[in-house]
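I opened this notebook to keep track of what I looked up in the structure. The entries follow the order in which I checked things.

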Amino acid sequence: MIVCSRCSKENQDHYKFCLGCGAELPRESSKPRSFSAPTPPGGSSSVGTGTKPPRPMQAAEAVAAVDPVAAAAIQTDPTPVQAVRSEPAAAALPPELAPLGEETAPCTNCGAQVPENFRFCHVCGHDLHAAPPTNGRADAPEERVSAPAVAAAPQPSAARARVVLIQPDGSEGEGFPLGDGATLIGRGTGGIFANDAYLSPEHAEFRFEGDQLVVKDMESLNGIYVRVEPDVPIELFDGSVFRVGQEILRFEAPAAPDPAPDGTQLMGSPYRGFLGRICLVIGRETTGSCFPIPSQGIHLGRERGDVVFPEDGYVSGLHCRIHSEVGHIFLTDLGSSNGTFVRVLNESFVPKGTFVLMGQQLFRADY
Amino acid sequence: MPGKARLIVVRGDEAMGEGLSYLLQATEHVAGREADQIPFPSDTWLSPIHANFLYRGDRLVVRDEGSLNGVYIRARGATPIQIGDHFICGQQLFRVDATPRDTSGPEADQTYFYSSPRRPSAFRVTQVLEGGMDGIVCCANERTVEIGREECDINFPDDVHMSPRHARIEMSGDTLELVDAGSQNGTFLRIRGERDLNHGDYLFLGRNLLRVEVTA
């Protein structure tokens, strides 16, 4: 929370400008606050033209960074990432966010030095509370001590895949190895995930099913979003959530009309073959602006389409569309620069090279 | 003052025909889908007993008889309204809603909620669809929502009864106002309880548009 010094309004930590009076909020960095975007916002809106507090590290921004052209535009201000990621550390830290202390023990699987308050190794994801793999004896500590020397070199089975952090400038950041078994990641597993306040302590679990990588949402607050392939329709169901630029949208299927017992029907605006609505998610059970989807479907974009987000520079001119086929509703990315991401409902396959948003960072699944 | 006023059906129930007029000769005159005095048998938006037109001394008033869909009176200029009020522009029905409480605070475990960017908004306007579902929701851009056929916050390019700039909802101070922007076909506000009627007033009962003529 940042309290505005001018009007005393409370703002979320990632806001650059006060929602109450528009004053610039204090940052840790003094770098310029240009809100560079792959495609500059413009045009008029049916959504509204109020000032929008730019979010420091946008998923879409990070995706944009993969595109060299977009990356060039974004590179001018990589600062916000630092600002946001360091903010949670400034506040009182929950135990799982505490800095790596002196109390470490070697991982029995890969030998990395792991803080003792971690349940899982932050390098290979090994469950440190699990029984030692080689025997069932309770007095395993001796074996732990000797492990580092043996396992110093990475073993193929311990790192079958990696999730690689994609930095705002488009370059690859640190990777996080995924083993053959289940690998739990989250704010509590440390490493590249430690300082992202938008990750739950236990956020996601990766595992292999045959040759396919699978990610499971561990009932995280903010979920896991997987980028959909352009021009490939993805079915939407009541409650499906997807992300376009900075906007988080929820699809709502139409509810059946409910006539009164005396035969009177509820009066209202003409309603013709409406496929449902998409609603901006602005809180846990709260939506902001909503847009009905007529029978012919809708397009979403920054400049063109039926629903436009002129202030969101991470939305492409024409970004995606929603339409109906044989009674089902589909979302299709139209080759947008920054992609369309669908929130994983419980579990999802993660094909090779797929971009995954978790918390406020973007990752690529390499295997 | 029985006999003083009449109701003219400007647009309405097919079974009863348009241009029909009712001279209000008694003290009370019940309108509804199953009413005897002012019947609209084929309009399913009317409750069996919908509204009552009655004289109170020399005043003519309309009272909503607890109908499902309500009684709407044309609102000219600026009219004070409240959260929860319903109004009609063109063929569209709207409701004015409060901005919901912020539910995007951090969790007990200090995980922050990742929401779409939120803009300050004093209230919101929700379109109510036939059958009762919510349609468009437009959060006020600061303190105003403008409705019309084009270049407004909510646009209905296909609604021929909607003027280009039809009406707006404004928050001025702590007061909400419904402002008709000189629209061709008018902006209608749902009444609460009962209201006085004057010569030249227009009302919507379901799909029926009525005009009030006071002859005396």
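**Entry 1: a serine in a loop.** I asked whether A:Ser337 is buried or exposed. The model is a predicted one, and in it A:Ser337 has 20 C-beta neighbours inside 10 Å. A residue is buried if 20 or more other C-beta atoms lie within 10 Å of its own, so A:Ser337 counts as buried. I then looked up where A:Ser337 sits, and found it in the loop between strand 19 (328-333) and strand 20 (340-343) of chain A. I also checked A:Ser337 against A:Ser348: they are 11 residues apart in sequence, and their C-alpha atoms are 23 Å apart in space.

**Entry 2: confidence.** I noted the scores before going further. The predictor gives the complex an ipTM of 0.90 and a pTM of 0.72. For chain B the mean pLDDT is 93, with 96% of the residues at 70 or more.

**Entry 3: where the chains meet.** I looked up how many residues are in contact between the chains: 48 of chain A and 45 of chain B. On the side of chain A that touches chain B, strand 13 (247-252), strand 14 (276-281) and strand 15 (287-293) each supply at least two residues. Strand 15 of chain A gives the most, with 5 residues. By kind, the residues on this side of chain A are 24 nonpolar, 17 polar and 7 charged.

**Entry 4: an open sheet in chain B.** I traced 5 strands of chain B that form an open sheet in the order 4-3-5-6-18, with mixed pairing. Strand 4 (38-39) and strand 18 (194-197) of chain B are the edge strands, each pairing on one side only. I then went through some of the pairs.

- Strand 3 (residues 28-32) of chain B is mostly covered, as 4 of its 5 residues are buried.
- Strand 3 of chain B runs parallel to strand 4 of chain B, and 2 bridges join them; here B:Ala31 stands opposite B:Ile38.
- Strand 3 of chain B also pairs with strand 5 of chain B, in the antiparallel sense, over 4 bridges; here B:Ala31 stands opposite B:Ala51.
- Strand 5 (residues 51-56) and strand 6 (residues 59-64) of chain B run antiparallel and are joined by 6 bridges; B:Ala51 stands opposite B:Asp64.

**Entry 5: the core.** Which residues touch the most other members of the largest nonpolar core? I found A:Val356 and B:Leu205, out of 112 residues in that core. Leaving out residues up to four places away in sequence, B:Leu205 touches B:Ala31, B:Phe40, B:Leu46, B:His50, B:Ala51, B:Val71 and B:Leu210. Two of these names I had already met in the sheet, where B:Ala31 and B:Ala51 stand opposite each other.

**Entry 6: strand 16 of chain B.** I followed the side chains along strand 16 (residues 175-180) of chain B, and they alternate. B:Leu176, B:Leu178 and B:Asp180 point to one face and are buried. B:Thr175, B:Glu177 and B:Val179 point to the other face and are not buried.

I then looked up the partners of strand 16 of chain B. Strand 8 (residues 78-81) of chain B runs antiparallel to it, joined by 4 bridges, and B:Ile81 has B:Leu176 as its bridge partner. Strand 15 (residues 165-172) of chain B is also antiparallel to strand 16 of chain B, with 6 bridges, and B:Glu170 stands opposite B:Glu177. The hairpin of strands 15 and 16 of chain B has 2 residues between the strands, and B:Gly173 takes a positive phi near 65°.

Technical notes
Residues are numbered from 1 along each chain as its sequence is written. Chains are lettered from A and ligands numbered from 1 in the order in which they are written. This is a predicted model: local features need pLDDT of at least 70, side-chain atom pairs count only at pLDDT 80 or more; totals for chains, interfaces and linings use all residues. A residue is buried if 20 or more other C-beta atoms lie within 10 Å of its own, exposed if 12 or fewer, and partly exposed in between; C-beta atoms are placed from the backbone. Two strands pair if DSSP finds at least two bridges between them. A nonpolar core is a set of buried Ala, Val, Leu, Ile, Met, Phe, Trp, Tyr and Cys residues joined through C-beta atoms within 7 Å. Two residues are in contact if their C-beta atoms, placed from the backbone, lie within 7 Å. Ala, Val, Leu, Ile, Met, Phe, Trp, Tyr, Cys and Pro count as nonpolar, Asp, Glu, Lys and Arg as charged, and the others, Gly among them, as polar. pLDDT is the predictor's confidence in each residue, from 0 to 100.
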